[in-house]
Amino acid sequence: MKTFKVPTRDEVSPANQSIFDKLKQKLGKVPNSYAFMASSENGLATYLTLSNAESSLTIKEKEVINLIVSGINDCHYCTSAHTVIGKLNGFTDEQILEIRRGSISFDHKLDALAQFVKEVTNKKGYASQESIDNFFAVGYTNESLVDTLMIISERTFSNYLNAIVKVPIDFPVAPEI
């Protein structure tokens, strides 16, 4: 059976070592998921470019997407990481649990986003006309649609990678719901 090891700084390319140094300076550590992406000469840099790209969505909207997609894809690593990030960006513990359950009572616009993201993720890119209409009715635009799908794609990639590799969780483990 193939087992995977998260590479250390010394085991990655010089370009990835430089990224490790920047991540450690910014975050205080190199998250295990990022470290494994450095197994690829270009994987980590490409992922970080997508992850840090400008977006029409707020950080809270991004975290709703990250938490919904990670929950549907059963990614405990990303759910744990984005629980921490969600708290850092103003969500309470109770709000994060509500988001993870997929129904948001504290914000109508975020709930429409969550419903849309749930459908797109569960139906592999498809959503009902009602979900699409609700997404636009609360003020999202074509730009928001593109940005939402980009984040779903980014999160799905990391969820799949973590599932296959079984990356050790190096964040406080998110509570079960």
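The protein has nine helices and zero strands. Read from the N terminus on, then, the elements go α-α-α-α-α-α-α-α-α. Please keep in mind that this is a predicted model.

Next, the overall form. The radius of gyration is 17 Å, and the globule rule gives 16 Å for 177 residues, so the protein is as compact as a globular protein of that length. Along its principal axes, the C-alpha trace spans about 50 × 35 × 30 Å.

How much of the protein counts as buried? Of the 177 residues, the share is 44%. On the outside, the protein exposes about 9,700 Å², and carbon and sulfur atoms supply 56% of that area. As for contacts, take those between residues at least 6 apart in sequence: 65% of them join residues at least 24 apart.

Now one pair of helices. Helix α1 covers residues 14–27, and helix α3 covers residues 43–51. Their axes come within 9 Å and cross at roughly 45°. Angles from 35 to 65 degrees fall between roughly parallel and roughly perpendicular, and α1 and α3 are therefore oblique to each other. Which residues make the contact? On the α1 side they are Asn16, Ile19, Phe20 and Leu23, and on the α3 side Leu44, Ala45 and Leu48. By class, the contact of α1 with α3 has six nonpolar residues, one polar residue and no charged ones.

Staying in helix α1, look at Gln17. Is Gln17 buried or exposed? Its relative accessibility is 17%, and the cut-off for buried is under 20%, so Gln17 counts as buried. Leaving out residues up to four places away in sequence, Gln17 touches Arg9, Asp10 and Val12.

My last residue is Thr121, which sits in helix α7, residues 108–122. Thr121 has 13% relative accessibility and therefore counts as buried as well. What does Thr121 touch, if we again skip residues up to four places away in sequence? The list is Val69, Ile72, Asn73 and Ile152. There is also a distance to point out on the structure: Thr121 and Thr156 are 35 residues apart along the chain, and their C-alpha atoms are separated by 8.6 Å.

To go back over the main points: nine helices and zero strands, an oblique pair in α1 and α3, and two buried residues to find for yourselves, Gln17 and Thr121.

Definitions and conventions: Residues numbered from 1 in each chain as written. Predicted model: local features only at pLDDT ≥ 70, side-chain atom pairs only at ≥ 80, totals over all residues. Heavy atoms only, no water. Axes fitted to C-alpha atoms, helices over the stretch in contact; angles between N-to-C directions. Helix = DSSP H or I, 4+ residues; strand = E, 2+ residues; numbered from the N terminus. Parallel < 35°, antiparallel > 145°, perpendicular 65-115°, else oblique. Contact = heavy atoms within 4.5 Å. Nonpolar A, V, L, I, M, F, W, Y, C, P; charged D, E, K, R; others polar. Buried < 20%, exposed > 50% of the residue type's maximum accessible area, 1.4 Å probe, protein only. Rg over C-alpha atoms; globule rule 2.2 N^0.38 Å. Areas by Shrake-Rupley, 256 points an atom, 1.4 Å probe, with all protein chains shown as cover.
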